[in-house]
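Subject: Structure handover

Hello,

Here is the structure I promised to pass on. Please open it first, then read my notes below.

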Amino acid sequence: MSKIGKRVCVVGAGVIGLSTAVRLLDVAPSLQVTVVADLFTPFTTSDGAAGVNVFWNYQPDSLLYKWGFSTYMYGQKLYKENGHLTGVQQFFTVDIYDKETNCINASDIDRRKLSYKELEALYPGSGYRYGTSSLTYLTECKIYLPWLMKRFKLKGGNVLHRHVNSFDEIAADYDVIVNCSGLGARQLAHDDSIKPVRGQIFRVKAPWIKIATYDHDKMTYIFPRSNDVIVGGVYQHDNWDLSINHQDRENIWKRACKMDPSLKHAHIINEWVGLRPGRPEVRLEREVIVVNGKKVNVVHNYGHSSRGITLHWGCAVDASQLVLQCLQLNTVQSRL
Ligand SMILES: Cc1cc2nc3c(=O)[nH]c(=O)nc-3n(C[C@H](O)[C@H](O)[C@H](O)COP(=O)(O)OP(=O)(O)OC[C@H]3O[C@@H](n4cnc5c(N)ncnc54)[C@H](O)[C@@H]3O)c2cc1C
């Protein structure tokens, strides 16, 4: 399909880039949108993420909560309409804490504290005292990203496989650049505040595990998905090492088996290391850069740290509005 509208380049084909590109064509179908990236699914960081949405851990009046809740509602819609095609699953989830928590933020969903008795029934012998439960959505990016890509192409989106060394290389060809380059923004946006937060996980076969569990204080999680269970993890700041660390694997496995001893019977499918795009806060804003005397609008949408899946749709909605503002197009009221 050839288009005659303004030209927008989205740099990045992880969950942030693809969702932003799709949302842009949802609200402004005449735009010529091109996704440019050097890695596509199944090779992005997003592909390796567990994909659980835990938005209730954010302050209710924060942007994180707003973006996370919007993504939660979007996940609910996808799950109900097309769960198996989109990779969105619904799970009963338990959050465990060492101390009494006020973490019952999410008035919009059925979230409640669990009693000691309930925790003991769910995790016999664990000694867990404080926990909350609710339903949440888990997005498997290895299914979700191909689905987004298909939607993007059906809407007339273009795709370019290439590395971008600098916005200067592409500025002349587009009216707006949307920077969804994750950790790549360190170089592209000259942003030293974005640093890797290294994660390491196991993917295992354990179909009897049906409850998603996240022990916040021990940073250990067990997340069942459609065909596997993700067991993690570590959060190592400023660590660029992409190889499996044997000490980490031992520690993770030990902690997880303590949480759910049935894991000892699980078959390990593989292990994976990924680098989260860590930043003190998400950067979602407009910037005007000057390239060869030409003013170029850049909309940044990166730095989602350990919550890119949790926040992606809410951020895509806001980033798309910023692009429309740059182009002085009529803005469309954000729906899901
Ligand atoms: C072990 C682990 C578990 C996780 N679990 C969860 C979870 O349960 N829930 C959750 O919400 N989050 C989770 N995350 C975090 C989540 O993975 C990230 O926040 C998210 O993937 C960030 O998405 P992104 O699109 O910004 O980055 P990426 O997926 O890294 O995509 C970046 C894109 O930009 C492109 N790019 C970058 N630089 C350039 C360049 N110079 N030129 C061309 N292309 C470029 C890349 O090729 C890629 O396409 C987890 C992360 C890890 C490591």
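Gly-233 sits in the loop between strand 11 (229–232) and strand 12 (236–237). The peptide bond leading into it, from Gly-232, is cis, with omega near 0°. Keep in mind that this is a predicted model.

There is another cis bond to look at. It runs from Thr-41 to Pro-42, with omega near 10°. Pro-42 belongs to the loop between strand 2 and helix 2. Most peptide bonds are trans, and most residues other than glycine have a negative phi.

That brings me to the backbone angles. His-190 is not a glycine, yet its phi is positive, about 50°. You will find His-190 in the loop between helix 6 (185–188) and strand 8. His-190 is exposed because just 8 other C-beta atoms lie within 10 Å, and the cut-off for exposed is 12 or fewer. Asp-238 is not a glycine either, and has a positive phi of about 60°. Its loop runs between strand 12 and helix 7 (246–259). Asp-238 has 9 C-beta neighbours inside 10 Å, so it too counts as exposed.

Next, the ligand. The shell around it holds 41 residues. Gly-14, Gly-182, Gly-184, Gly-199 and Gly-308 are the closest. Elements that give two or more residues to this shell include helix 1 (15–27), strand 8 (195–205), strand 13 (267–278) and helix 8 (308–326). By class, the shell has 21 polar, 17 nonpolar and three charged residues.

One of those closest glycines deserves a second look. Gly-199 lies in strand 8. Is Gly-199 buried or exposed? It has 22 C-beta neighbours inside 10 Å, so it counts as buried; the threshold is 20 or more. Leaving out residues up to four places away in sequence, Gly-199 touches Gly-232, Gly-233, Val-234, Tyr-235, Val-273, Gly-274 and Arg-276. Both residues of the Gly-232 to Gly-233 cis bond are on that list. Arg-111 is 88 residues from Gly-199 in sequence, and their C-alpha atoms are 28 Å apart.

Pro-207 is in the loop that follows, between strand 8 and strand 9 (211–215). With 10 C-beta neighbours inside 10 Å, Pro-207 counts as exposed. The C-alpha atoms of Pro-207 and Asp-47 are 21 Å apart, with their positions 160 residues apart along the chain.

Now helix 3, residues 63–86. How far does it span between its end C-alpha atoms? Only 26 Å, while a straight helix of 24 residues would span 34 Å. Helix 3 has a kink of about 80°, centred on Lys-80. Its buried residues include Trp-67, Phe-69, Tyr-72, Tyr-74 and Leu-78. Part of their cover comes from strand 3 (88–97), strand 5 (130–139), helix 5 (141–154) and helix 8. Just after helix 3, Gly-87 takes a positive phi of about 80°.

Last, the core. In soluble globular proteins, nonpolar side chains tend to be buried together. Here the largest nonpolar core has 87 residues. Val-8, Val-178 and Val-323 touch the most other members. Helix 8 gives the most to this core, with 11 residues. Beyond four places in sequence, the contacts of Val-8 include Leu-24, Leu-31, Val-33, Val-176, Val-178 and Val-323. Gln-32 and Asp-175 are also among them.

Best wishes

Notes: Residues numbered from 1 in each chain as written. Predicted model: local features only at pLDDT ≥ 70, side-chain atom pairs only at ≥ 80, totals over all residues. Near = placed C-beta within 6 Å. Helix = DSSP H or I, 4+ residues; strand = E, 2+ residues; numbered from the N terminus. Nonpolar A, V, L, I, M, F, W, Y, C, P; charged D, E, K, R; others polar. Expected span 1.5 Å × (residues − 1). Bend = angle between axes of the 7 residues up to and from the residue. Contact = placed C-beta atoms within 7 Å. Core = buried A, V, L, I, M, F, W, Y, C linked by C-beta atoms within 7 Å.
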